[in-house]
Amino acid sequence: MTQDNSSQENAAGQTGGGDLFNTAAGWVLFAAGLGLGLSILSGKFFHGDKPERPEKLGYVIEGAVEEGAGPAEMSMAEALNMMPAVELVAAGEKAYSKCQSCHTIDAGGANGIGPNLGGVMGGPVAAKGGFAYSAEMKALGGTWDWDKMNQWLKNPKAYVSGTKMSFAGLSKIEDRAALAMYLNSKGANLPVPTFVADAAAAGGEEAASAEEEAGAVAEAEAGTDPAAATE
Ligand code: HEC
């Protein structure tokens with residue numbers, strides 16, 4: 001008791017202050033507890049966000065920044081039409097050297113660290129017999145088309161989180177388009193999407209559809225007129 005009082009007197013200055021000090025200390029403790037509780041709660045809250053961060057901060061950024069892949073990246077369709085198909089396939093074959101350590105490309109080739117890629121374009125995802133795909137890859141589903149291949153090659157881990165493919169990705173759309181063309185030449189030979197570079201041509205299409213609409217409205221109006229006349 002006496003010891004307690006003296007220490008409280010030291011802290012609070014006066015005997016009467018002892019209770020006050022206790023009350024104040026109690027509130028401080030309470031506040032600290034509340035703060036801790038909140039920080040645990042918010043910790044839980046923000047942990048929920050964490051898995052998304054690495055995807056955004058992942059491998060790609062360095063390359064993308066250095067190589068100045070500006071905000072106006074061309075579309076896959078444009079990239080696929082940037083040079084004659086033969087040349088793009090040849091460029092893709094060169095770029096394929098990045099994949100060779102893990103993949104074979106000729107139809108029926110052996111699986112390596114990665115599955116054989118013969119016939120992969122236009123074929124179903126994760127369907128090579130005898131290869132142990134990750135569960136995430138198997139869950140992707142669908143068929144390898146231009147868009148899917150583009151997204152996959154850009155950043156495999158972002159597209160299929162949990163994939164076994166340890167490859168950072170290709171930051172340049174030109175490289176992805178070339179590789180997709182090469183894979184396609186060893187695959188289903190899917191038709192290359194058309195790309196209309198001419199803005200005037202696109203404007204012409206718009207004008208045509210506007211005309212069609214106008215025609216439809218005129219027809220509709222003509223249709224309602226007789227009904228109105230019957231009254
Ligand atoms: C370090 C090894 C490695 C490298 C390099 C690599 N891959 Fe892969 N790749 C894999 C593995 C492993 C898988 C299986 C992924 C899974 O199951 O999650 C895979 C899967 C794939 C698939 C899906 C195949 C299917 O059957 O659906 C494609 C397409 C592919 N890779 C293309 C490429 C291309 C193109 C490159 C080069 C730009 C490349 N890979 C580089 C290891 C690699």
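A residue counts as buried here if 20 or more other C-beta atoms lie within 10 Å of its own, and that cut-off will be useful when the tour reaches N150. The model on the screen is a predicted one, and every stop below should be read with that in mind.

Begin with the whole chain shown as a cartoon, where you will find 11 helices and 0 strands, so that reading along the sequence gives the pattern α-α-α-α-α-α-α-α-α-α-α. Of the 231 residues in the chain, 16% count as buried. If you turn on contacts between residues at least 6 apart in sequence, 57% of them join residues at least 24 apart.

Next, select helix α8, residues 146-154, which is where N150 lies. Colour W146, M149, N150, W152, L153 and K154, since these residues of α8 are buried. If you then ask what covers the buried residues of this helix, the answer includes α5, α9 (156-159) and α10.

Now centre the view on N150 itself. Why is N150 classed as buried? It has 21 other C-beta atoms within 10 Å, and the cut-off for a buried residue is 20 or more. Setting aside the neighbours of N150 within four places in sequence, select M76, R176 and A180, with which N150 is in contact.

From N150, draw a distance to A177: the two are 27 residues apart in sequence, yet their C-alpha atoms are 7.1 Å apart in space. With A177 selected, and its neighbours within four places in sequence again left aside, show M76, A79, L80 and L88, which are the residues in contact with A177. M76 therefore appears at both stops, being in contact with N150 and with A177.

A177 leads on to the largest nonpolar core, which has 22 residues and in which M149, A177, A178, L179, A180, M181 and L183 have the most contacts. The elements that give two or more residues to this core are α5 (76-80), α6 (85-95), α8 and α10 (173-185), and the largest share, 8 residues, comes from α10.

For the last stop, move to the ligand and select the 24 residues around it, among which C99, C102, G114, S134 and M165 come nearest. Which kinds of residue make up this shell, and how many of each are there? Colouring the shell by type will show 15 nonpolar, 6 polar and 3 charged residues.

Note on methods. Residues are numbered from 1 along each chain as its sequence is written. This is a predicted model: local features need pLDDT of at least 70, side-chain atom pairs count only at pLDDT 80 or more; totals for chains, interfaces and linings use all residues. A residue is near a molecule or strand if its C-beta atom, placed from the backbone, lies within 6 Å of it. Ala, Val, Leu, Ile, Met, Phe, Trp, Tyr, Cys and Pro count as nonpolar, Asp, Glu, Lys and Arg as charged, and the others, Gly among them, as polar. Helices (H or I, at least four residues) and strands (E, at least two) are DSSP runs, numbered from the N terminus. A residue is buried if 20 or more other C-beta atoms lie within 10 Å of its own, exposed if 12 or fewer, and partly exposed in between; C-beta atoms are placed from the backbone. Two residues are in contact if their C-beta atoms, placed from the backbone, lie within 7 Å. A nonpolar core is a set of buried Ala, Val, Leu, Ile, Met, Phe, Trp, Tyr and Cys residues joined through C-beta atoms within 7 Å.
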